[in-house]
Amino acid sequence: MKIKNILITFVSAIALLFSTSVVSFAKVVGDKIILGAAISLTGKYSSNGVHTQNGYNMAVDRINSMGGVKVGGKTYKFDIIYYDDESNPKRAAQLAERLISQDKVEFMLGPYSSGLTKAIAPVTEKYGVPMVEANGASRSLFTKGYKYLFAVLAPANLYLDVAIRTAVELNGGKGVRIAQAFEQDAFSQDVRLGILDAAKETGSEIIIDDKLPKELNDMAATLVKVKQMKPDVLVVSGHTKGALTAIRQISEMKVDVPMLAMTHCDAAKLSKQHGKNSQYALCASQWHKTLTYKDDFFKDGMTYAADFEKEFGYDPPYQSAESSAALLVFKDAFERANTFDQKKVRDALAETNMQTFYGNIKFAPGGQNVDKPMVLFQVMCDDAGKCENKVVAPLKWASAELIHPVPKWSER
Amino acid sequence: MDFLVFQYPMITIQACLDGLLLGILFALIAYGMALQWGVMNIINIAQGDLVILGGYIAYFMYLYGIHPAWGVIVSPIIMYFVGIAIYKLVINKVVDRDLFISILATFGISILFMQLMNFAFGADVVLANSGYGTTMLFDNNVVLPNSKIFSAFISIVFAICLVVYMKRSKLGRAIRATAQNARAAKILGVDTEKVYAATFGINAALCGVAGALISITFTIHPYMGLPYTIRSFMIVIVAGLGNLPGVAMSGMGLGIFEEFADYILGTEFRIGSVFLLLVLILVYRRFKLSRKREYLK
């Protein structure tokens, strides 16, 4: 009998312990709002995954130290539960399930890359968990009618749209001949669709349309075609790998093309590997520190960049900036909703209309941010071989004039 | 389908030359695979990952200001010992077992290497710049990066050295004897354990050379190994074991095939076409073999 009693006490003690530990992970505990995020800390996206995490952490610290989030007359602080999704979409979807059904998280932040966001979105949608994501730009995310997905960044099809329009403008309004090579992933294929739209609208012609497999490290065949057919614009999108491979082979094969436009071509990375060979490349970007947007937490891009560098030791890429912006959006929505009811927070998110250091944020019914244009950099190097991103379009923020056409290799 | 490659003769020449230079490099990796397959009866799935690791050695030399071409010397030396270590830790436990076990074991090594490289070197794509410039032919219509010519040249030099070494040196003879008949070699006093270790080391060293050349010519990334394994597997299948001229020829053939597949079918089918070719060749070989068997019956 005694043993039975002890046993019952023991079991109930464990049950109690278990239930409190579950409660301690729930959405709002004491003065904490707990957000969940699956992030690629290992695997092929790990470098950008870390940029994303640093961006989130930076914003959490900043918002918490500047008074937190005020809901119903009480002040709350942000906290994030992270899991490593190993850059694997299946794993990301499992972790989203775990965050929602085991850890009882009621609000989510997005992972890195369109592919992983695509894997998570059906899960958050199923449970009605609002997710603000900052690193999934694929157009297909915004055409599925998701109600709980909000992206602070411009959709992928707009990435290089501005490059084509600029080329047409410089051609006296006449259509241009475009050569393009895109990796076969969700993001790059959306960038491609954007180019197709822009080409149609401007009467431009696509003369080379190559797709790159993801294991590829050789695009010589595409470039030989470019050399023979002499297009006006060459567009390449295949994450950092595509940009690095393109610059290496374009410079080695001395391919002359009046305009080279790419995605994922941060000047610091390109010039570290290629020095002056990367000069004149045009890069699409979500953000640049010299843009003049402002907010109360990070002030402006330059201040954000300086603070970020002080904390993490490197210049923030746009992936970090947009991730920080996601937290600002959540804070704003919580305060306007003035409750933690998921549906009301979702409605508040849908009505977001604010400016952050990263740009204006206003969501279309599909969830994409429609109030922030893409910017176009040109990589420009000085004689010592030090290269920098200079904003050349849109003209409002241009800090340098676009160099067009790109000088021939024989003249460099 | 796009037949641009036949419309401009210059593109045809370019594709042939690119394919040839690339194929020579593939042949070097395949030769290592043929060697250890012949001697130890092991199909090394981690072959491509050894190549990538070799590439990282050259990359780190480049990062510390040493010209990456020196990687061609340093990388095989380091990789030789890596190969010996892998042999002592894993391979010697599976070398007498059937092929399936060794494929599983090397597949495991491959996954481990990918993750370790990703962990140690990061997921970024990297490359080492040789600064070798470009050779222009036919009135600038055909361009060959000198780095590609350099890698083909070095591959040939290493292949010749290896052939001579296998013919002349004591270890080389022991390796060949073990390949012919391990038991007989053992009875005649050959330390087959040592021979196996050395063979695996030599294979890893060849991968090291190839990796250094790939980091100079193309780009490397922790997850890029598998296509190199498949290519060398395919080259060996076509050429057969212990047939070095065959390996060289089928390597170059594969290089040219890939380039033409790239132009005609599109870049997205480049690696896919290699897989398809592999299937076709396996089916063809089986067909031939079954006819032979019928005859024997």
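Here's a quick tour of how two chains meet, how chain A is divided up, and one strand pair inside chain A. Keep in mind that this is a predicted model. Chain A is assigned two domains, and chain A also makes a contact with chain B.

**Where the chains meet**
- Chain B brings 31 residues to the contact, while chain A brings 32 residues.
- On the side of chain B that touches chain A, at least two residues each come from α2 (9-40), α5 (99-121), β2 (142-145), α11 (244-265) and α12 (270-296) of chain B.
- Sort that side of chain B by class and you get 15 nonpolar, ten polar and six charged residues.

**The two domains of chain A**
- Domain 1 covers 11-154 + 290-362, and domain 2 covers 158-287 + 374-411.
- Their C-alpha centres sit 32 Å apart.
- Where the domains touch, 19 residues of domain 1 of chain A are in contact with 16 residues of domain 2 of chain A.
- On the domain 1 side, α4 (114-127) and α11 (318-337) of chain A are the elements that give two or more residues.
- That domain 1 side has eight nonpolar, seven polar and four charged residues.

**A hairpin in chain A**
- Strand β17 (residues 375-381) of chain A pairs with β18(A) in the antiparallel sense, over six bridges.
- Look for V379(A), which stands opposite N389(A) in β18(A).
- Five residues lie between the two strands of this hairpin, and there G385(A) takes a positive phi near 90 degrees.
- Strand β18 (residues 387-393) of chain A is mostly covered, with five of its seven residues buried.

Terms used: Residues are numbered from 1 along each chain as its sequence is written. Chains are lettered from A and ligands numbered from 1 in the order in which they are written. This is a predicted model: local features need pLDDT of at least 70, side-chain atom pairs count only at pLDDT 80 or more; totals for chains, interfaces and linings use all residues. Two residues are in contact if their C-beta atoms, placed from the backbone, lie within 7 Å. Helices (H or I, at least four residues) and strands (E, at least two) are DSSP runs, numbered from the N terminus. Ala, Val, Leu, Ile, Met, Phe, Trp, Tyr, Cys and Pro count as nonpolar, Asp, Glu, Lys and Arg as charged, and the others, Gly among them, as polar. Domain bounds come from an automatic or database domain assignment. A residue is buried if 20 or more other C-beta atoms lie within 10 Å of its own, exposed if 12 or fewer, and partly exposed in between; C-beta atoms are placed from the backbone. Two strands pair if DSSP finds at least two bridges between them.
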